[in-house]
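Visitor: I'd like a close look at a single part of this protein rather than a tour of everything. Could you pick one helix and follow it out to its surroundings?

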Amino acid sequence: MVHVTVNSIDTHHSIHIPVTAKDVKPIIGNELNEVRIDVELTTQAEHKFDLMRQRFGNLLRKVQEALKSKPVSLKDLKDQLIFSFLDLEEMIEPCQSVDEVIRELRKNNYCSFTNYSIVEGLADVFNLHDVLEEITKYTYEKEEYFKSILVEDFVKAGLEAHESSGCNS
């Protein structure tokens with residue numbers, strides 16, 4: 001798996017894009033773990049990116065609302081997260097609400113635009129069927145978004161920058 005990070009020069013947005021070796025093998029020919037690419041995103045690309053960020057924010061809000069309306073106790077939520085991810089204990093232990101727990105997960109990059117498996121796991125464990133349906137929809141939208149941004153072009157640009165900097169993989 002190759003990870004491409006696209007950084008917008010003007011707005012400082014970053015998009016971490018996982019791509020398969022199949023997508024980049026014709027371009028790079030060898031194994032490369034990560035490429036950082038600085039690009040000027042078009043207005044349309046910025047708009048699509050902002051829409052996906054908002055869609056992800058809406059997904060997290062639905063998770064919060066579902067956990068509170070289930071209701072899932074704060075203790076059960078924390079216990080589930082700590083049993084699954086021991087390294088979260090210090091971060092979420094001081095949280096006083098479900099909202100704070102979700103906010104801490106997001107703020108500390110335990111769930112992101114491209115990696116939301118932690119909230120998917122919570123939805124599964126606590127039987128939040130409506131949220132699981134939303135995650136399925138979001139996953140489809142995210143995949144379509146990645147198809148629309150021409151990952152191959154970003155990888156080519158990144159390799160050119162990587163090679164011109166004198167770095168070898």
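Guide: Here is a walk along one helix, H2, and then out to the parts around it.

Keep in mind that this is a predicted model. For orientation, the protein has 8 helices and 3 strands. Reading from the N terminus, the order of elements is β-β-α-β-α-α-α-α-α-α-α. Of its 169 residues, 40% are buried. Among contacts with a separation of 6 or more, 67% are between residues 24 or more positions apart.

Now to H2 itself, which covers residues 43-69. With 27 residues, H2 spans 39 Å from its first C-alpha to its last, close to the 39 Å expected at 1.5 Å a residue. The buried positions in H2 are Ala45, Glu46, Phe49, Met52, Arg55, Phe56, Leu59, Leu60, Val63, Gln64, Ala66 and Leu67. If you wonder about the spacing in that list, an α-helix has 3.6 residues a turn, so residues three or four places apart point the same way.

Arg55 deserves a stop, as it is one of the buried residues of H2. Its relative accessible area is 14%, and since the cut-off for buried is under 20%, Arg55 counts as buried. Leaving aside residues up to four places away in sequence, Arg55 touches Glu134, Lys137, Tyr138 and Glu141. Those four partners sit within the numbering of helix H7, which runs 129-148.

Next, the packing of H2 on H5. Two packed helices are described by the angle between their axes and the distance between the axes. For H2 and H5, the angle is about 150° and the axes are 9 Å apart. Angles over 145 degrees count as roughly antiparallel, so H2 and H5 get that label. Their crossing is right-handed. On the H2 side, the contact is made by Phe56, Leu60, Val63, Gln64, Leu67 and Lys68, while H5 brings in Val98, Asp99, Ile102 and Arg106. Sorted by class, the contact of H2 with H5 has 6 nonpolar, 1 polar and 3 charged residues. Several of the H2 residues here were on the buried list too, including Phe56, Leu60 and Val63.

Leu67 also gives us a link to H6. The C-alpha atoms of Leu67 and Ala123 are separated by 8.2 Å, although the two residues are 56 residues apart along the chain. Ala123 belongs to helix H6. Its relative accessibility is 0%, so Ala123 counts as buried. Beyond residues up to four places away in sequence, Ala123 touches Leu128, Val131, Leu132 and Ile135.

Just past the end of H2 there's a detail you might want to find on screen. The peptide bond from Lys70 to Pro71 is cis, with omega near -15°. Pro71 lies in the loop between H2 and helix H3, and H3 covers 74-84.

That brings us to H3, which packs against H5 as well. The axes of H3 and H5 come within 9 Å and cross at roughly 25°. H3 and H5 are therefore roughly parallel to each other. Leu74, Leu77, Lys78 and Leu81 of H3 meet Val98, Val101 and Leu105 of H5 in this contact. By class, that makes 6 nonpolar, no polar and 1 charged residues. Val98 of H5 shows up here, and Val98 is also part of the contact with H2.

H3 has a contact with H6 too. These two pack at an angle of about 125°, with their axes 11 Å apart. H3 and H6 are therefore oblique to each other. H3 passes H6 in a right-handed crossing. The residues involved are Leu77, Gln80 and Leu81 from H3 and Ile118, Leu122 and Val125 from H6. The contact of H3 with H6 divides into 5 nonpolar, 1 polar and no charged residues. Leu77 and Leu81 take part in this contact, and both also take part in the one with H5.

Finally, take a look at the loops on either side of H6. Asn109 is in the loop between helix H5 (98-107) and helix H6 (117-125). Asn109 has a positive phi of about 60° although it is not a glycine, and it is exposed at 60% relative accessible area. Asn127 is in the loop between H6 and H7. Asn127 likewise has a positive phi, about 55°, without being a glycine, and at 45% relative accessibility it counts as partly exposed.

Conventions. Residues are numbered from 1 along each chain as its sequence is written. This is a predicted model: local features need pLDDT of at least 70, side-chain atom pairs count only at pLDDT 80 or more; totals for chains, interfaces and linings use all residues. Side-chain values use heavy atoms; hydrogens and water are left out. Buried means under 20% relative accessible area, exposed over 50%, partly exposed in between (1.4 Å probe, protein chains only). Contact means heavy atoms within 4.5 Å. The expected span of a helix is 1.5 Å times one less than its number of residues. Axes are lines fitted to C-alpha atoms, for helices over the stretch in contact, and angles run from 0 to 180 degrees between N-to-C directions. Angles under 35 degrees count as roughly parallel, over 145 as roughly antiparallel, 65 to 115 as roughly perpendicular and the rest as oblique. A crossing is left-handed if the near helix is turned anticlockwise from the far one by less than a right angle, and right-handed if clockwise. Ala, Val, Leu, Ile, Met, Phe, Trp, Tyr, Cys and Pro count as nonpolar, Asp, Glu, Lys and Arg as charged, and the others, Gly among them, as polar.
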